[in-house]
Amino acid sequence: MPHHERESGTAPTLIQSVRRAVRLMDRLERRGGTGSAKQLAREAALPLPTAYHLLRTLVHEGLVRNDSGAYRLVSPLRRGPGSGAHEPALGIQAWVDTLSLELDAAVYFARYLDGEVRLDTVSRNPARPPVAEWADFRATAHAHAAGQSLLLQLEPEQRDEHLNRHRVTALTAHTVATRGEFDRRLATTPRRLPVLEHQEYALGTACAAVPITVGTAAAAVALSIPAAEGARLRGLADRLQERAERVLITQTFAVAAAGHEP
């Protein structure tokens, strides 16, 4: 199973914020689609300021409507009178395409399902082509940022089983070459922060990935740029993480609409 979050510090993590938003949406649905902030905070077991913050975000994203303090559920599958009855508010492809243009980088959405890394979606931006899959992404998770982010989210026994099947090998001169060295790197890498990778999977490419959760699956949003632009990578990773909470709250419900329980 994916690693379960633990409360730490004073600021909620990205994953905590999305899960709390999901709880608020669930409480609204159980109440017939309407409720006050105080009612929802109490029933979702959230501090009132946190509930207000998340409700404002949900209102901004068009998932909830605020009618003079009464919050009302708006179907995330409908955006205006011209939307189809089952049209997602924002599909994953549109999501990564938008992020690609905004960040001026290739963007990827990956999940860990059934014991394998799955690269679900890649941005369509001719100005920023994706990295060519010259070595199977599933077997080389240790070498690319998306895979490293996914492995960090797994329970130790699940990660160990994966790395026993897909052994750590050097793909470039920059790749961690041994299992022991890779284990030591993961042990000192915070699970919920962006992962940065410089030319470990492919020469000439630098990547970053941000961990997220969709349903019960570990997931990650990643980006890549030419290694010559590596000075941009840290700033891009921070911007990706900053934008992920606002976008992910909407996207979580779009994914749920496609058949994945949030």
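**Note on the predicted model: aromatic pairs, cores and sheet**

1. At 1% relative accessibility, Phe109 counts as buried, the cut-off for that class being under 20%. The structure under review is a predicted model. Trp95 is likewise assigned as buried, at a relative accessible area of 3%.

2. Three aromatic pairs emerge from a search of the whole structure. In one of them, the ring centres of Trp95 and Phe109 lie 5.9 Å apart with the planes at 55 degrees, so the pair is tilted; the tilted class holds angles that are neither under 30 degrees nor over 60. This pair links distant parts of the chain, since Trp95 belongs to helix 4 and Phe109 to strand 4 (residues 106-113), 14 residues apart. Elsewhere, Trp134, Phe137 and Tyr201 make up one aromatic cluster.

3. Helix 4, which carries Trp95, covers residues 92-103. Its 12 residues reach 16 Å from the first C-alpha to the last, close to the 16 Å expected at 1.5 Å a residue. The buried positions in helix 4 are Trp95, Val96, Asp97, Leu99, Ser100 and Leu103. An α-helix has 3.6 residues a turn, so residues three or four places apart point the same way. After helix 4 comes Asp104, with a positive phi near 55 degrees.

4. The largest nonpolar core comprises 30 residues, and those with the most contacts inside it are Tyr112, Leu150, Leu151, Phe182 and Tyr201. Two or more residues each are supplied by strand 4, helix 5 (145-153), helix 7 (179-187), strand 7 (205-214) and strand 8 (217-226). Helix 5 gives the most, with five residues. A second, separate core of 19 residues includes Ile212, Ala219, Ile225 and Leu240. In soluble globular proteins, nonpolar side chains tend to be buried together.

5. Two residues named above merit a further remark. Tyr112 touches, beyond residues up to four places away in sequence, Val117, Leu150, Leu154, Gln158, His162, Arg165, Ala217 and Ala218. Tyr201 appears both in the aromatic cluster with Trp134 and Phe137 and among the residues with the most contacts inside the largest core.

6. Ala143 sits in the loop between strand 5 (116-122) and helix 5. At 0% relative accessibility, Ala143 is classed as buried. Leaving aside residues up to four places away in sequence, Ala143 touches Gln148, Leu171, Thr175, Glu197, Glu200 and Tyr201. Ala143 and Gln199 are separated by 56 residues in sequence, while their C-alpha atoms are 8.7 Å apart in space.

7. Thr205 is part of strand 7 and is buried, with a relative accessible area of 13%. Its contacts, not counting residues up to four places away in sequence, are Val131, Glu197, His198, Gln199, Ser224, Ile225 and Ala227. Glu197 is thus listed for Thr205 and also for Ala143.

8. An open sheet of three strands has the order 1-3-2 and antiparallel pairing. Strand 1 (34-36) and strand 2 (64-67) are at the edges, each with a single partner strand, so one side of each has no neighbour in the sheet. From one strand to the next, the twist averages 30 degrees.

9. Within this sheet, strand 2 and strand 3 (residues 70-73) pair in the antiparallel sense over four bridges. Leu73 in strand 3 is the bridge partner of Val64. Helix 3 (residues 48-60) lies across strand 2 and strand 3 and runs at about 110 degrees to strand 2.

Terms used. Residues are numbered from 1 along each chain as its sequence is written. This is a predicted model: local features need pLDDT of at least 70, side-chain atom pairs count only at pLDDT 80 or more; totals for chains, interfaces and linings use all residues. Side-chain values use heavy atoms; hydrogens and water are left out. The expected span of a helix is 1.5 Å times one less than its number of residues. Buried means under 20% relative accessible area, exposed over 50%, partly exposed in between (1.4 Å probe, protein chains only). Rings of Phe, Tyr and Trp (its six-membered ring) pair if their centres lie within 6.5 Å; planes under 30 degrees apart count as stacked, over 60 as edge-to-face and the rest as tilted. A nonpolar core is a set of buried Ala, Val, Leu, Ile, Met, Phe, Trp, Tyr and Cys residues joined through side-chain atoms within 4.5 Å. Contact means heavy atoms within 4.5 Å. Two strands pair if DSSP finds at least two bridges between them. Axes are lines fitted to C-alpha atoms, for helices over the stretch in contact, and angles run from 0 to 180 degrees between N-to-C directions.
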